[in-house]
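Thanks for making time this morning. I would like to walk through one chain with you, beginning with its surface and then turning to what lies inside.

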Amino acid sequence: MTSVEERRPRALFAGASRRWVRLLPWGVAFVLCVALLPTTIIVLTADYGLGGGVASALAVAQAAPLLLAVVRPLHAWYVVFAADVAGALALLTVDFQERLLWPFPPMEIVGYVGLCLALGLRERRRTLVLVWLATAGANVTLGFFAPHGSGARELLLTILGGATLLLAGALRERSEVQRRLVEQETISEAERGRRTLLEERARIARELHDVVAHHMSVITVQADTAEYRLDRLPPDVREEFTTIAATARESLGEMRRLLGVLRNEDAHGELVPQPGLAQIGQLVEATARAGGPVEFTSCEVEVPEAVGLSAYRIVQEALANVVRHAPGAATHVSLSVSRPDGERLTVLVVNDPPPEPPAAPLEVSGTGHGLVGMRERVRLVGGTLDAGPLPDGGFRVAARLPLTEKDFT
């Protein structure tokens, strides 16, 4: 909704950077008002022979609105135009010399031209055309009642007013075009800066990928060759090294799939299938081997690929948080289908408090993006997420995901 400040009309040149430019319209309007007010009274009474009361009223109605024209030129024009026409009709009641200008005396023409200048700098082209047509129509109509005959000089107001409207309107449109060009250049500069930032982030991500990939490859090689380099390894230790190597290879593969698009600008999507519900069991087993008792309850259900991937990532992040913040805590992972308000897949990960507080966190600092990532994944598929601590010190993550693509929002 438009605010009061935005609806309030602004003075001409109110956006100028220099103070004297902002004050210029007020100064010009004040000078015209002060100069034309007494001049109009004197000319109408002394030269045209109009009564003092009528002359004063016309002078005020023709000169005072020029101050209003700085802020509302169209409203000021209504008053001045009506006063000028009324003045022309009032002059028909007196006998003045033929040499005097009618229907609009010179001081009225000066004020009207100043008003047209304000109009041209503020109003749209259509409004300016209507103003000129009204001026010309009144001027021509009054010409039929000229007491001393009509000629070209009686059209002086129409000619000068039209020229002023044309010139001021052209200046306003030129200024508007320049302003839009400046705005476009500003937007383009911001877009260039944003593109540069994204390119730099992509470069950093590629470099990070190379560094992490190197270390993960070293871990994989060391774990795979441990049984050949080390003598007399017990079977359980050999199995542990095998598990470490498999986990490292899986993590390295996922990282390469996710960040591969940063290396290849022509990539149009993942070429390797993404994990889904079928892989959650393997994920639970890997967490259990890491030392945390995990109970897994699954269900047989067909889900869209996006829902399966979201469920997998939610369980993955939740189990990672358990390992980081509650090592050794008993955890329950369940997948179930509920149909109270449409078919939904419920993904539930609940962990108990850790057996004992960890001596030191596995990560000295976290990004805090885990829950944010979960909520974004759930939102994209049209589901809901409820995550938070439990009264006994544990933690609960519950996501409800749609089973059909038509339910996506």
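The accessible surface of the protein chain comes to about 24700 Å², and 61% of that belongs to carbon and sulfur atoms. Please keep in mind that this is a predicted model. Of the 409 residues in the chain, 33% are buried, and the secondary structure amounts to 12 helices and 5 strands.

Let me turn to the interior. The largest nonpolar core has 38 residues, and those with the most contacts inside it are Leu 44, Tyr 48, Trp 77 and Tyr 112. The elements giving two or more residues to this core are helices H2 (19-47), H3 (52-63), H5 (73-91), H6 (106-122), H7 (125-143) and H8 (156-229), with H5 giving the most, 8 residues. Tyr 48, setting aside its neighbours within four places in sequence, is in contact with residues including Leu 91, Phe 96, Leu 101 and Pro 105. Apart from this core lies another one, of 25 residues, among them Leu 277, Ile 314, Val 349 and Leu 403.

Now to the sheet. The 5 strands form an open sheet in the order E1-E2-E3-E5-E4, with mixed pairing, and its edge strands are E1 (294-297) and E4 (384-389). E4 and E5 (residues 395-402) pair in the antiparallel sense over 6 bridges, and Leu 385 has Ala 399 in E5 as its bridge partner. Helix H11 (residues 305-325) lies across E2 (331-338), E3 (344-351) and E5, running at about 10° to E3, while helix H12 (residues 370-380) packs on the sheet and touches E4 and E5, its direction making about 160° with that of E4.

Key:
Residues are numbered from 1 along each chain as its sequence is written. This is a predicted model: local features need pLDDT of at least 70, side-chain atom pairs count only at pLDDT 80 or more; totals for chains, interfaces and linings use all residues. Side-chain values use heavy atoms; hydrogens and water are left out. Helices (H or I, at least four residues) and strands (E, at least two) are DSSP runs, numbered from the N terminus. Buried means under 20% relative accessible area, exposed over 50%, partly exposed in between (1.4 Å probe, protein chains only). Accessible areas come from the Shrake-Rupley method with a 1.4 Å probe; for residues, only the protein chains shown count as cover. A nonpolar core is a set of buried Ala, Val, Leu, Ile, Met, Phe, Trp, Tyr and Cys residues joined through side-chain atoms within 4.5 Å. Contact means heavy atoms within 4.5 Å. Two strands pair if DSSP finds at least two bridges between them. Axes are lines fitted to C-alpha atoms, for helices over the stretch in contact, and angles run from 0 to 180 degrees between N-to-C directions.
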